[in-house]
Amino acid sequence: MSDRFLYEGKTKIVEISEDGQNVILTFKDDITAGDGAKHDVMSSKGLFCSEITARLMQYLNTKGVNTMFLNYLPPNKIRAKKLKMIPLEVIVRFKKAGSFVRRYGGTEGEDLPSPLVEFTYKSDVMHDPLVCVEHLEVMGIVNKSIAEKIIEEAKKTAMLLKEFFSLHTFELWDIKFEYGVDEDGNICLGDEISPDTMRLRKSGEIFDKDIYRRDLGNPMEKYEVVLNICRSILL
Ligand code: 5GP
C-alpha cells in the first residue's frame, strides 16, 4: 500500500497527490446498495462515475459553487482539494421517491411543493439515520449556522443541476451531496455526483442506481447515456 494512502470506501480510494498539495480520488468499478449488503463489480463504472462527477463539478464551479474538483485524470481519477469531510449525507428532493415514500407515504414521482433538504448521519452500521438540525449541534457535527449554510448551498446546487438536466429533457428527482471544509475554512462540495447519487428519469425511464437496487437490468448502459449528456460540459 502506498504511503500516500488515506482511505478506501465502498466505491472510491483517496490518496494524497504526489506533490502533497491535493488528493487523488480513484473511482472503483464497485457498485453497492443497502449499506453495502448488495455488491457487484461492473466494468467501466469507475470511468463513468469519475468523468460524470468531473464534468458536473466543473459546471458547478463555473456557476460559482465551491466544489472539490480540480482536474479529471482519465480514465477513473480526479484531482481534488483536500477536505475535512463532514459525516453527513445531504439529500435534496424535488419529487417523492425512495426512503421519503417509505417513511411518509405518497406516490413515487409526485412533486413536492418546494425543494426539501434532509440530513442523514453517515454510518452503515446505523443505516444512515435521519437527523434534524438540532441533532447536528448536539452531536457535535456542525453548528446551526453551518447547517443553514449547507441547506442553502445544497438547494442552490441541486437547482443548477436540475436546470442542466432539464435542458437535456431529463428530470432530476433527488440528489445526495457530501460536504467538507476546505483549507480556507469554507464549506466545499466533495465526494461524487453521478447516477449513483441521484434519481434521474426521462419519460418514466430510470437512468440511476435504482436500476441496480431493483434488479432492472444493466445500469451501465444508462450511466453511459448520462455521461454523453455531461460531455457537453467542457473540461
Ligand atoms: P433515498 O433516501 O430516497 O434512498 O435516497 C435519496 C437520494 O439520495 C437518491 O438519489 C439516492 O441515490 C441518494 N442516496 C441516499 N443515500 C445514499 C447512499 O448511501 N449512497 C449513495 N450513493 N446515494 C445515496
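**Figure 1. Phe164, with a relative accessibility of 4%, counts as buried and belongs to one aromatic cluster with Tyr59 and Phe165.** Buried denotes a relative accessible area under 20%, exposed one over 50%, and partly exposed the range in between, with a 1.4 Å probe and protein chains only. The model is predicted: local features require pLDDT of at least 70 and side-chain atom pairs pLDDT 80 or more, whereas totals for chains, interfaces and linings use all residues. Residues are numbered from 1 along each chain as its sequence is written, and side-chain values use heavy atoms, with hydrogens and water left out. Five aromatic pairs are found in a search of the whole structure. The pair of Tyr59 and Phe164 is tilted, with 5.3 Å from centre to centre and 50° between the planes. Tyr59 belongs to helix 1 (residues 45-62) and Phe164 to helix 4, so their pair ties together parts 105 residues apart in sequence. Tyr59 is also buried, at 12% relative accessible area. Rings of Phe, Tyr and Trp (its six-membered ring) pair if their centres lie within 6.5 Å; planes under 30 degrees apart are stacked, over 60 edge-to-face, and the rest tilted. Helices (H or I, at least four residues) and strands (E, at least two) are DSSP runs numbered from the N terminus.

**Figure 2. Phe100 and Tyr104 form a tilted pair, their ring centres 5.0 Å apart and their planes at 55°.** The two residues are four positions apart in helix 2, a separation of about one helical turn. Phe100 is buried, with 9% relative accessibility, whereas Tyr104 is partly exposed at 48%.

**Figure 3. The ligand is surrounded by 15 residues, of which Arg93, Ser99, Asp174, Arg199 and Arg213 come nearest.** A residue belongs to these surroundings if one of its heavy atoms lies within 4 Å of the ligand. Nine residues of the shell are charged, three polar and three nonpolar. In this grouping, Ala, Val, Leu, Ile, Met, Phe, Trp, Tyr, Cys and Pro are nonpolar, Asp, Glu, Lys and Arg charged, and the others, Gly among them, polar. Strand 9 (88-95), helix 2 (98-104), strand 12 (171-177) and strand 15 (198-202) each contribute at least two shell residues, and strand 9 gives the largest share, three residues.

**Figure 4. Side chains including that of Asp174 place N or O atoms beside oxygen atoms of the ligand, here at 2.6 Å.** For Arg199, a polar side-chain atom lies 2.9 Å from a ligand oxygen, and for Asp128 the distance from a side-chain N or O atom to a ligand oxygen is 3.5 Å. On its own the ligand has 490 Å² of accessible area, 83% of which the protein covers. Accessible areas come from the Shrake-Rupley method with a 1.4 Å probe.

**Figure 5. Strand 4 (residues 30-33) and strand 5 (residues 38-41) pair in the antiparallel sense over four bridges.** Strands pair if DSSP finds at least two bridges between them. Ala33 has Lys38 in strand 5 as its bridge partner. The two strands form a hairpin with four residues between them, and Gly34 in the turn has a positive phi of about 60°. Asp35 lies in the loop between strand 4 and strand 5 and has a positive phi of about 55° although it is not a glycine. Asp35 is partly exposed, at 30% relative accessible area.

**Figure 6. A cis peptide bond joins Pro74 and Pro75, with omega of about 0°.** Pro75 is located in the loop between strand 6 (69-73) and strand 7 (77-80).

Terms used: A polar contact is a pair of N or O atoms within 3.5 Å; within protein, one must be able to donate a hydrogen and the other to accept it, and residues adjacent in sequence count only if both atoms are side-chain atoms.
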